[in-house]
Structures are given as C-alpha cells and as structure tokens.
Amino acid sequence: MIQDIYPDKLDNHFENCAPSGEDFGLCFRAGKLLARINEKNVLFPLHRDFSKPERAVYLFTVTNRRYFLVFQAEGTPAGFDWYTPQELRQRERQGNTDLFIVYTAYHLWQWYQTSRFCGACGQETIFDEKERAKVCPACGNRIYPRINPAVIVGVTNGDSLLLTRYRTGYAHNALVAGFTEIGETMEETVRREVMEEVGLRVKNIRYYKSQPWGVAADILMGFYCDADGDPAIHMDHTELKYAEWVRRPDIVLQPTDDSLTNEMMKMFRDGIIR
C-alpha cells in the first residue's frame, strides 16, 4: 500500500526550522504539485530552486531527507510542471515513497489552505512556533490538522466478495466505503454504510488494517464482515452503478496496488482471508 515505504521511514514530528538550499520544497497551486517525472520516479525541486518564496514550513523527514511546504513562490523552476496527486499516482510505478510524500504533503497543504482564518471569529490565523497548529491571535482558538475517519468494508458471502463501482469518479472495482459520523463507533459505521449502499445486514465484523489517505485527509480503516441473512443486494443507485457478489477467481483488481481497498480484494481473492 501507499504507506509501505520500507526501508524508508517517515518522521513527522514538528520542527520550527528554516530550510537549507538542499532541502526539498513542495509547492502546490490550485491542487497541483510542482514536480518532474522521469522514467523511474517523481522528482521534487529543492528549496534553492524557488525564487522569492513567501514562506517555507517544515513538513516531515523521510530517511534523512527534509521536506518543506513552499508558499507563493514566483515562477516555475526549469524542468518542472504542475501535476495533481492522481496524475502522479497513475505515472509512478517504481515504488511508493514518492507517492506517499505527495499524498502526505497534500494532506497538510489542504489543511494550511483551509485554516488561514479562524472558524470562531474570522480573524486571520498565525503559525504556532511550538507545534503544528494555527492560532487565532484575537480569540485564542487553536486549529490542528484535520483527519477524517472512514471505513473500507469487505462484505463476504461464502466464497464471494461484494464488489462495487461508484456512479461517478473512480471507475474501477471497489468495496463498500464511507465516513464515520458523529457518535458512531467504527463497527456501527460498517453496519450503516453497508445497509445504506447495498441494503444488507452484516455480522462477524473484524478489523483488518488501516491506511492514511492524504488526498482526502482520511484515515481509512479496513474491516471484513459476513452477510447476515438474505444476501439479495438492494443497491443505492444514487451512489453506485454496480454492486455484485463475485467469486474469488473472478475478482478483478484495481490497476494499481497502492490502496487498502485493492489489498483487501486481493487478500480475499487469493484465499488468505476466509
């Protein structure tokens, strides 16, 4: 999955520090990241490549390589262009480290964009110097990076797995998924989302694995569960265009292997999950 970057390792503790010319500078504009793609991987500009950046904020370190978020830089360094995270995901196939950097930086960039003003009084916020937070100088409100909990659900019925496809957006096979609502446990989210999307009751809910998914500021939690009672599907046509029981050998995986959803489908297809 996208976070499986061994032997690289993410160090995301906050530092109030200035970049050197050799540190990487990640710059977003209208949801696109400045990067260069070669035959093997994604390349990022160095901080020294930018002309008169407004500000640079430390993001994280990956195996002794420091990455900063660059704000409002003038011009575009030679040889680089603007790409959405999805475009980089489609092109990068030599390993997950670069994609993980892109998605994690995008998560933080989104938060910095949406926390420029205080949600309590409307005052422009300032950067905290001791932790990753934005602070309102007028009312003292503190804003921390937002993380949205969501579930990915592999619903099973004997040797069949429930596969879905969204009505719009992502065009490949997926699993039931959805965000946790206020007051819910994760297990309650699983039951509600399955009922809402395909009209099934479930039992034997069991946790599998989690995944950060920075492009939507998510933390995804994967669960398997069994259909409870009548397995007839009653699909929500406003959200899905396809929902069917598919036997193990007939499961078609997604074209890339960096998502929790794809791994869960593969684990069931290959008989590792019963």
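**Close-up views of a predicted model**

**View 1. Tyr58 and its contacts.** Y58 touches D11, H13, E15, C17, R66, Y67, F68 and R132, not counting neighbours within four places in sequence. The model shown here is predicted. Y58 belongs to strand β6, which covers residues 55–62. Is Y58 buried or exposed? Y58 counts as buried because its relative accessible area is 1%, and buried means under 20%. The side chain of Y58 also makes a polar contact of 2.7 Å with the side chain of T61.

**View 2. From Y58 to V190.** This view spans two residues, Y58 and V190. In sequence, 132 residues separate them. In space, their C-alpha atoms are 36 Å apart.

**View 3. An open sheet of three strands.** The strands follow the order β9-β10-β11, and their pairing is antiparallel. Which strands form the edges? They are β9 (126–127) and β11 (142–143), and each pairs on one side only. β9 is joined to β10 (residues 134–135) by two bridges. Look for F127: its bridge partner in β10 is K134. Strands of a sheet pair through backbone hydrogen bonds, either parallel or antiparallel.

**View 4. The hairpin of β12 and β13.** Two residues lie between these strands in the hairpin. One residue to find in the turn is G158, with a positive phi of about 65°. Strand β12 covers residues 148–157 and runs antiparallel to β13, with two bridges joining them. T156 has L161 in β13 as its bridge partner.

**View 5. Strand β13 and its partner β17.** How many bridges join β13 to β17? There are seven, and the two strands run antiparallel. Strand β17 covers residues 240–247. Opposite L161 stands V246 in β17. L161 is also the bridge partner of T156. Strand β13 (residues 160–166) is mostly covered, with five of its seven residues buried.

**View 6. The whole protein, for orientation.** The protein has 274 residues, and 47% of them count as buried. Its secondary structure includes four helices and 17 strands. The C-alpha atoms fill a box of roughly 65 × 50 × 30 Å along the principal axes. About 14000 Å² is exposed, and carbon and sulfur atoms supply 48% of that area. Take the contacts with a separation of 6 or more: residues 24 or more positions apart account for 62% of them. The protein carries 33 positive and 38 negative charges, and the mean positions of the two sets are 2 Å apart.

How values were computed. Residues numbered from 1 in each chain as written. Predicted model: local features only at pLDDT ≥ 70, side-chain atom pairs only at ≥ 80, totals over all residues. Heavy atoms only, no water. Buried < 20%, exposed > 50% of the residue type's maximum accessible area, 1.4 Å probe, protein only. Contact = heavy atoms within 4.5 Å. Polar contact = N/O pair within 3.5 Å; in protein donor to acceptor, adjacent residues only side chain to side chain. Pairing = 2+ DSSP bridges. Areas by Shrake-Rupley, 256 points an atom, 1.4 Å probe, with all protein chains shown as cover. Lys, Arg positive; Asp, Glu negative; His and termini not counted. Charge placed at Lys NZ, Arg CZ, Asp CG, Glu CD.
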